[in-house]
Amino acid sequence: MSRILRATSLVALSLLFTACAHADRAQDELSIRQMVAAQTEAWNRQDAAAWTADFVDDADFVNIVGTPFAGRQQIEERHAAIFNSLFKGSHAEVTVRRLVFLGEDVAVVDTTHDVTRYQGLPPGVQATEPGLLRTQMKYVLRRMDGTWRIVAGQNTDEKPRPQPQP
């Protein structure tokens with residue numbers, strides 16, 4: 001095989017590999033965005049089991065007041081409690097702000113949650129604007145058996161903007 005033919009073959013294989021990798025990455029991004037959408041729909045139904053369905057059994061989660069929860073079961077129990085009290089009837093709109101792949105099977109997704117129609121807010125949490133609680137959620141995801149799962153999450157509330165001083 002000539003040098004030119006060998007070099008051309010290597011370039012063609014490299015381009016094919018890159019194209020396949022980008023196609024897989026696009027599918028991964030779509031899968032993660034679908035997971036976020038399903039979780040949003042579960043919040044709006046106040047369905048704690050569905051909201052936590054994508055967490056691994058030993059997931060770690062820190063809520064907006066800084067309370068850590070160990071495991072999907074604790075996370076689900078806490079969300080069932082808030083769906084029956086402070087966030088009963090609430091509505092969330094979630095936007096993916098950033099999605100970064102740290103390797104083939106690890107990703108970090110940052111989302112903004114705009115929550116309205118809540119009954120009240122946890123102690124120490126203030127509305128970001130009148131009638132709106134905005135939070136920033138960060139998830140660490142890992143692909144397991146072909147499915148993206150949440151291994152860790154951190155939710156932080158956005159504080160109201162300071163009022164101008166007279």
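Two strands are said to pair if DSSP finds at least two bridges between them. In this predicted model, strand E1 (residues 55-62) and strand E6 (residues 147-157) meet that description, as four bridges join them and the two strands run parallel. One of the places to look for this pairing is aspartate 60, whose bridge partner in E6 is alanine 152. Strands of a sheet pair through backbone hydrogen bonds, either parallel or antiparallel.

With that pair in view, the rest of the chain can be laid out. The secondary structure comes to three helices and six strands. Read from the N terminus, the elements follow the pattern α-α-β-β-α-β-β-β-β. Of the 166 residues in the chain, 34% are buried. Contacts also reach across the sequence: among those between residues at least 6 apart, 57% join residues at least 24 apart.

The six strands form an open sheet, and their order across it is E2-E1-E6-E5-E4-E3, with mixed pairing. Strand E2 (68-70) and E3 are the edge strands, each of them pairing on one side only. On average, and with direction ignored, neighbouring strands of this sheet are turned by 20° against each other. Helix H3 lies across E1 and E2, and H3 runs at about 60° to E1.

At the E3 end of the sheet, the pairing can be followed in some detail. E3 and E4 pair in the antiparallel sense over 10 bridges. A hairpin of four residues carries the chain from E3 to E4. Within this pair, leucine 99 stands opposite valine 109 in E4. Next in sequence to that valine comes aspartate 110, also found in strand E4. Is aspartate 110 buried or exposed? Its relative accessible area is 4%, and because buried means under 20%, aspartate 110 counts as buried. Leaving aside neighbours within four places in sequence, aspartate 110 is in contact with Thr95, Val96, Arg97, Arg98, Met137 and Lys138.

Strand E6 offers another residue to examine, valine 151. Here the relative accessible area is 23%, so valine 151 is partly exposed. Apart from residues up to four places away in sequence, valine 151 touches Val56, Ala59, Asp60, Val140 and Arg142. Aspartate 60, the bridge partner of alanine 152, thus appears again among these contacts. Valine 151 and leucine 141 are 10 residues apart along the chain, and their C-alpha atoms are separated by 5.7 Å.

The loops have details of their own. Glycine 89 is found in the loop between H3 and E3, while arginine 117 is found in the loop between E4 and E5. Although their positions lie 28 residues apart along the chain, the C-alpha atoms of glycine 89 and arginine 117 are separated by 6.4 Å. Glycine 89 touches Gln46 and Arg117, when residues up to four places away in sequence are not counted. How accessible is each of the two? Glycine 89 counts as partly exposed because its relative accessibility is 39%, whereas arginine 117 is exposed, with a relative accessible area of 55%.

Backbone angles add a further point about the loops. Most residues other than glycine have a negative phi, and most peptide bonds are trans. Arginine 117 has a positive phi of about 60° although it is not a glycine. Aspartate 145, in the loop between E5 and E6, has a positive phi too, of about 55°, and is likewise not a glycine. With a relative accessible area of 83%, aspartate 145 is exposed.

The model was also searched for enclosed space. Rolling a probe the size of a water molecule over the atoms shows where empty space is left. How many cavities of 30 Å³ or more does a search of the whole structure find? The search finds one, and about 270 Å³ of space lies in this cavity. Its lining holds 22 residues, and Trp43, Ile64, His79, Ile82 and Asn155 lie nearest its centre. The elements that give two or more residues to the lining are helix H1 (3-45), helix H3 (72-83), strand E3 (91-101), strand E4 (106-116) and strand E5 (133-144). H1 supplies the largest share, four residues. Sorted by class, the lining has 14 nonpolar, seven polar and one charged residues.

How values were computed: Residues numbered from 1 in each chain as written. Predicted model: local features only at pLDDT ≥ 70, side-chain atom pairs only at ≥ 80, totals over all residues. Heavy atoms only, no water. 1 Å grid on protein atoms, 1.4 Å probe; cavity = no way out; pocket = protein on both sides within 12 Å on 5 of 7 lines; lining within 4 Å. Points joined across faces, edges and corners; volume = space filled by probe spheres on them. Nonpolar A, V, L, I, M, F, W, Y, C, P; charged D, E, K, R; others polar. Axes fitted to C-alpha atoms, helices over the stretch in contact; angles between N-to-C directions. Contact = heavy atoms within 4.5 Å. Buried < 20%, exposed > 50% of the residue type's maximum accessible area, 1.4 Å probe, protein only.
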